[in-house]
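Here is a short report for a reader new to this structure. Take a look at the sequence and the model, then read on.

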Amino acid sequence: MTIQSSNPFASRSTLEYELPPFALIKDEHYKEAFYAGCEEQLDQVAKIVGNTDAPTFENTIVEMEKSGGILTRMLMVFYNKSSSDTSDSLDAIEAEIAPKLAAHTDAIKLNPALWSRIKTIYQNKSSLNEEDAWLTEKYYKDFLHAGADLSQSARARVMEINEELSALETKFSQDLLADTNDLAIFVDTVSDLDGLSDGEIAAAKAAAQSRGKDDKWMVAMVNFTGNPVLSSLKNRKLREKIMKASLVKANQDNEKDTKPTLIKMVTLRAERSKLFGFKNHAEYVISAQTAGNATNVHAMMRQVAAPAVRNARAEGADIQRAIGDEFTLESWDWDFYTEKVRLEKYDLDTSKMRPYFELERVLHDGVFFAANKLFGITFKARPDLVTYH
C-alpha cells in the first residue's frame, strides 16, 4: 500500500525533537500509515534476509533497528492517543489493527531465515563491543521468547494464537473502559461532596457538564479498585455507592462483561505456554522477566504476604476503634478513617499537604525544580508546539 506524501506519518517530523505534527494528524491517517508501514517494514526485512553476505551486526541488527520507520511513528502516536484520549473512531481502528499488528510482528520474529542470521551473530557476539553485544543478545532473547526456535507447525499455531489473543485483549480493554465510563456516579447536590476540595468539586462539575448534565456533579470511576475521593468524602452512603460501583467494573453480566473474553484468553495462553514447554502462562511470561521463574516470585510473595496481612489487620483494628460502635468497618470507610487515625496517632494531617501535590505545582515546583538543581536543566513553555489535546 502506498502512503500519500500528505500523510503526517509518511516522513520524519521536522518539528523540534521530532515532535509529531499533531496539528496535521487526522483519524484517517492512522490506518493508511499502519498498512503502508507494515508493508514497508516487511520489504526491509526481506532485503535483510536476502542479503547473500554473511550475517553481521551491521547488515542485520543495525538494519533491523532502521526498519519500520512509518509504522513506528504511527504506533507511538496512535497508542498514546487511544489509551488516554480515545474516541469511537480510534476504538474501531484499534479493533481492526490489533490482530494485524500481532500477525505482522510474528511474521518478523518467526521468520526462520531472519532467526538464523540473528542466531549466527549471537553465537559470535564475543567479537562485538559491549553495546553491540547487548543489543544482539536482546534481539536473540526477544526472538527466542516469541517462538523463533519452535518447529514449523508450532510456529504456525503460535501465530494463530497471538492474532486471536491480540483481538481479545483489545476487546477486553475497550469493554472495561466502556463499563468504567458507564459506572460514573452523578450527584444532585454539592453538599453531598462535603470533604472534597474546591478543585475536586470543580472537576466533578466539569466532568458532569462534559456528559451533558449541567445541573449535576460527576464522580468518575478509575482504573484501579477504589477511588481517590474515598479518603476525604464525608457522605458514607455516597462512599459506599462509589466503592460498590468500582468493584463491579466489567463484571455485571451485560454486553460489556469481560468474563467470557477472559476465559478465552486464559485458554489460549495456556495452550501457547505448553507449545513453549512451560507448565502455564505465568512460567512463560516470567521466564523473560527479572524474576526468572515463578518459584522466585512465590518466595518473594511468601515473605511479603504474612506481614502485609498482619499490618492490615492492625490498621483495621485502629480504624474500628476510631469509628467506635456506630457501624462496622467496610471497604468504603478504610481510606476516610485512615486519615483520622493518622492524625490521631502521628499528628499528621495529609489534607494540609494536598495543595503541595496539585499536578502543576508538583511539575513546576517539584520535578522541574529538582532537575534544575541536580542537572542545571531549565524549562519553558512552548505554546507554539501543538499537542494532541
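The report goes from the whole chain to its cores, its ring pairs and a few single residues.

**The whole chain**

This is a predicted model. The protein chain holds 14 helices and 2 strands. Its C-alpha trace spans about 80 × 55 × 50 Å along the principal axes. Of the 389 residues, 34% count as buried. The chain exposes about 23300 Å², and carbon and sulfur atoms supply 55% of that area.

How do contacts run along the sequence? Take the contacts between residues at least 6 apart: 67% of them join residues at least 24 apart.

Charge comes next. The chain carries 48 positive and 59 negative side chains. The centres of these two sets lie 3 Å apart.

**The nonpolar cores**

In soluble globular proteins, nonpolar side chains tend to be buried together. Here the largest nonpolar core has 19 residues. Which of them have the most contacts inside it? They are F9, Y30, F34, M74 and F78. Three helices, α1 (27-50), α3 (69-84) and α4 (88-109), each supply at least two residues of this core. Helix α3 gives the most, with 6 residues.

Y30 shows how this core is knit. Leaving aside neighbours within four places in sequence, Y30 is in contact with F9, I25, M74, V77, F78, K81, L90 and I93. A second, separate core has 18 residues, with L196, M221, L230 and M243 among them.

**Ring pairs**

The structure holds 13 aromatic pairs. One of them joins F9 and Y30: the ring centres are 5.7 Å apart and the planes meet at 35 degrees, so the pair is tilted. F9 sits in the segment before α1, whereas Y30 is in helix α1, so their pairing ties together parts that are 21 residues apart in sequence. Ring pairs also build a cluster from F9, Y30, F78 and Y79.

**Four buried residues**

The table lists four residues and their relative accessibility. Buried means under 20% relative accessible area.

| Residue | Relative accessibility | Status |
|---|---|---|
| F9 | 3% | buried |
| Y30 | 3% | buried |
| T258 | 6% | buried |
| A102 | 16% | buried |

F9 and Y30 have already appeared as members of the largest core. The other two rows need an introduction.

Where is T258 placed? T258 is in the loop between α9 (236-247) and α10 (259-275). At 6% relative accessibility, this loop residue counts as buried because the cut-off is under 20%. Which residues does T258 contact, leaving aside neighbours within four places in sequence? They are F172, D175, L176 and A250.

A102 lies in helix α4, one of the helices that supply the largest core. Is A102 buried or exposed? A102 has a relative accessible area of 16%, so A102 is buried under the 20% cut-off. Not counting residues up to four places away in sequence, A102 touches N162, E163 and S166. S11 is 91 residues from A102 along the chain. The C-alpha atoms of A102 and S11 are separated by 24 Å.

**In short**

The predicted chain has 14 helices and 2 strands. Its largest nonpolar core has 19 residues, and a second, separate core has 18. F9 and Y30 are among the residues with the most contacts inside the largest core, and their rings form a tilted pair.

Methods:
Residues are numbered from 1 along each chain as its sequence is written. This is a predicted model: local features need pLDDT of at least 70, side-chain atom pairs count only at pLDDT 80 or more; totals for chains, interfaces and linings use all residues. Side-chain values use heavy atoms; hydrogens and water are left out. Helices (H or I, at least four residues) and strands (E, at least two) are DSSP runs, numbered from the N terminus. Buried means under 20% relative accessible area, exposed over 50%, partly exposed in between (1.4 Å probe, protein chains only). Contact means heavy atoms within 4.5 Å. Accessible areas come from the Shrake-Rupley method with a 1.4 Å probe; for residues, only the protein chains shown count as cover. Lys and Arg count as positive and Asp and Glu as negative; His and the chain ends are not counted. The place of a charge is taken as NZ of Lys, CZ of Arg, CG of Asp or CD of Glu. A nonpolar core is a set of buried Ala, Val, Leu, Ile, Met, Phe, Trp, Tyr and Cys residues joined through side-chain atoms within 4.5 Å. Rings of Phe, Tyr and Trp (its six-membered ring) pair if their centres lie within 6.5 Å; planes under 30 degrees apart count as stacked, over 60 as edge-to-face and the rest as tilted.
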